[in-house]
Amino acid sequence: IRRCLNNATDKAYKQAVRQMAEKVQALQLLGDSVTMSLPFERTSAWVTNVDIDNPYGNLDFDQLKILANELSLLFSKYSYIVNSFVNIDAFRGETYFKASDGVQYAQPLSLIRIEFFGEAVASDGSVLPNRTELFFRDTREIAETSELYHYVSDLAMQLKAMAGASVVTDDFYTGPVLFADEAAVEAFAQAFIENEPNIVASAVLLKIKSGGGGAKSPSSSLESMIDKQIVNRTIDVDAVNTKPIFESTPLIGSFYIDADGVKAEDKFEIIRNGELVRVLTSRMTTGHQEFSNGHLRLALRNNCIAAEPGPGVLELSCHQQMNEPQLLKMLCKQARAQGLQYSFVIRKILEVDDQHLIFAQRVNTVSGKSENVCFSCANGLDIFDFQYLTASSKTKKAYNRLIRQDCNKGKNCNESLSGVPSSFIVPEMLYFEKVNLLNVNR
């Protein structure tokens with residue numbers, strides 16, 4: 001074991017020295033066009049001699065097996081569901097960090113994912129899927145089994161509504177849209193984290209071009225727009241990474257120290273009154289950020305612990321808040337003023353074959369009556385679509401997600417339990433004055 005470790009560290013050290021020399025040479029050729037943060041530069045956020053005691057108990061795998069079987073049997077009473085399952089994935093690991101200057105810490109990474117899945121046949125013969133995911137850090141956080149029953153019934157009832165929904169055949173819609181429930185957090189996560197550009201700082205890849213000059217890769221983050229307005233001025237976004245729970249929902253994105261050994265702040269601003277204050281950084285070299293603000297996260301990748309830049313707990317706030325009837329009234333009024341016969345309340349967004357399957361209510365702008373509809377949308381939201389977010393509901397809800405950026409880009413990974421554990425605290429309804437929906441059903 002000692003010989004293997006010596007060989008592995010010797011190889012890694014030599015590779016790091018070679019890459020460092022290449023990057024220094026590339027920086028010299030680029031001149032002053034790039035700011036460089038040296039790999040071992042310390043900041044005031046750096047902490048020493050941190051040892052986090054294990055806050056989680058061992059996973060009870062026998063209990064999880066019994067739970068999966070018991071929940072799966074509940075689907076049998078829904079005859080219209082042609083395929084269903086409940087899948088439970090669990091991971092338990094420990095991480096240890098120690099640097100040559102005495103910085104050290106230890107902390108666990110424990111995660112349980114419960115997936116509820118069902119399929120039903122629509123009137124046109126197509127098979128429609130529906131999925132719900134729950135995340136926990138420990139078996140002790142899982143509610144009583146009877147309290148999980150409603151997730152099966154809710155999924156089944158929604159799937160029945162989806163199967164009986166009309167299929168939208170319009171090619172394109174531009175107008176007011178209300179995102180509700182799971183669709184609200186999906187829109188937020190897509191725009192701010194998963195799609196580009198986003199608020200996670202990316203490394204600047206430096207190399208020597210074949211012609212002898214220096215080159216750098218373009219950044220996928222919004223670093224160049226710091227101190228500029230990027231979304232509607234009614235919007236604030238904060239990182240509240242040390243918050244462990246929100247209204248009885250455990251937050252899997254909560255952490256106190258990142259994979260670089262940098263302590264997490266209790267709260268710091270990302271967007272204030274629509275202006276970008278900062279992006280999420282690790283100690284990687286980026287185009288504009290010299291120091292880390294503690295966002296190299298412990299992640300899961302191919303059944304192993306990895307370290308990746310990513311969010312912890314993000315909270316979205318909107319200054320203009322209304323109740324649901326007020327939001328629906330405004331939706332119809334503004335759509336009618338634009339000459340539209342209908343608008344949409346989007347309830348669920350599912351990723352299916354690189355497209356977004358949308359389940360929504362299509363609302364008549366005159367009568368206010370609604371009907372269930374389904375359609376496939378080719379485009380997701382980006383962060384600049386939030387320039388049109390002008391109002392939200394008064395109540396918020398917490399959602400847990402695994403951010404699988406590499407998986408979304410087609411790289412090989414274990415889809416079931418891969419990504420950065422993240423949590424989002426989002427208003428239950430988000431009102432956009434304008435959204436472009438490109439329908440691909442036709």
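Which residues in α4 are buried? Keep that in mind as you open the viewer, and remember that this is a predicted model.

**Stop 1: the whole chain**

Start with everything shown as a cartoon. You should be able to pick out six helices and 23 strands. The protein has 442 residues, and 49% of them count as buried. Among contacts with a separation of 6 or more, 72% are between residues 24 or more positions apart.

**Stop 2: helix α4**

Now select residues 182-194, which make up helix α4. Here is the reply to the opening question: Ala183, Ala184, Val185, Glu186, Ala187, Phe188, Ala189, Gln190, Ala191, Phe192, Ile193 and Glu194 are buried. That is 12 of the 13 residues of α4, so the helix is largely enclosed by the rest of the structure. The next two stops visit sheets that α4 packs on.

**Stop 3: the eight-stranded sheet**

Colour the strands of the open sheet with the order β4-β19-β18-β17-β5-β23-β20-β16; the pairing in this sheet is mixed. At its edges are β4 (166-167) and β16 (321-322), each with a single partner strand, so one side of each has no neighbour in the sheet. Helix α4 packs on this sheet and touches β5, β17, β18 (355-364) and β23 (429-438). The direction of α4 makes about 70° with that of β17.

Zoom in on strand β5 (residues 172-180) and strand β17 (residues 342-352), which pair in the parallel sense over three bridges. Show Leu178 as sticks and look across to β17, where Val345 stands opposite.

While you are in this area, add the side chains of Tyr342 and Arg362. Arg362 lies over the face of the Tyr342 ring, 5.3 Å from the ring centre.

**Stop 4: the six-stranded sheet**

Next, colour the open sheet with the order β12-β11-β8-β15-β22-β21, again with mixed pairing. Its edge strands are β12 (275-276) and β21, and each has a single partner strand, so one side of each is left without a neighbour in the sheet. Helix α4 lies across β8 (235-239), β11, β15 (313-318), β21 and β22, and runs at about 125° to β22.

At one edge, strand β11 (residues 268-272) and β12 run antiparallel and are joined by two bridges. Select Arg272 and you will find its bridge partner, Glu275, in β12.

At the other edge, strand β21 (residues 396-403) pairs with strand β22 (residues 420-427) in the antiparallel sense over eight bridges. Asn400 is a good residue to select here, as it stands opposite Ser423 in β22. Is β21 enclosed or open? Seven of its eight residues are buried, so β21 is largely enclosed by the rest of the structure.

**Stop 5: Phe424**

Which strand holds Phe424? Select the residue and you will land in β22. Phe424 has a relative accessible area of 0%, so it counts as buried. Leaving aside neighbours within four places in sequence, the residues in contact with Phe424 include Val185, Phe188, Ala189 and Ile193, as well as Leu314, Lys397, Ala398, Tyr399, Arg401 and Ile403. One of these, Arg401, is 23 residues from Phe424 in sequence, with the two C-alpha atoms 7.9 Å apart.

Phe424 also belongs to an aromatic cluster, so colour the rings of Phe179, Phe188, Phe192, Phe386, Phe424 and Phe432 together.

**Stop 6: a stacked pair**

The count of aromatic pairs comes to 13. For one of them, show Phe116 and Tyr151, which are stacked with 5.9 Å centre to centre and 20° between the planes. Phe116 lies in strand β2 (residues 104-121) and Tyr151 in helix α3 (residues 145-163), so this pair ties together parts that are 35 residues apart in sequence. Phe116 is buried at 0% relative accessibility, whereas Tyr151 is partly exposed at 27%.

**Last stop: the cysteines**

How many disulfides does a search of the whole structure find? The result is zero. Two cysteines to select are Cys4, which is exposed at 56% relative accessibility, and Cys377, which is buried at 1%.

Conventions
Residues are numbered from 1 along each chain as its sequence is written. This is a predicted model: local features need pLDDT of at least 70, side-chain atom pairs count only at pLDDT 80 or more; totals for chains, interfaces and linings use all residues. Side-chain values use heavy atoms; hydrogens and water are left out. Rings of Phe, Tyr and Trp (its six-membered ring) pair if their centres lie within 6.5 Å; planes under 30 degrees apart count as stacked, over 60 as edge-to-face and the rest as tilted. Helices (H or I, at least four residues) and strands (E, at least two) are DSSP runs, numbered from the N terminus. Buried means under 20% relative accessible area, exposed over 50%, partly exposed in between (1.4 Å probe, protein chains only). A charge sits over a ring if NZ of Lys or CZ of Arg is within 6 Å of the ring centre and within 35 degrees of the ring normal. Two strands pair if DSSP finds at least two bridges between them. Contact means heavy atoms within 4.5 Å. Axes are lines fitted to C-alpha atoms, for helices over the stretch in contact, and angles run from 0 to 180 degrees between N-to-C directions. A disulfide is a pair of cysteine sulfur atoms within 2.5 Å.
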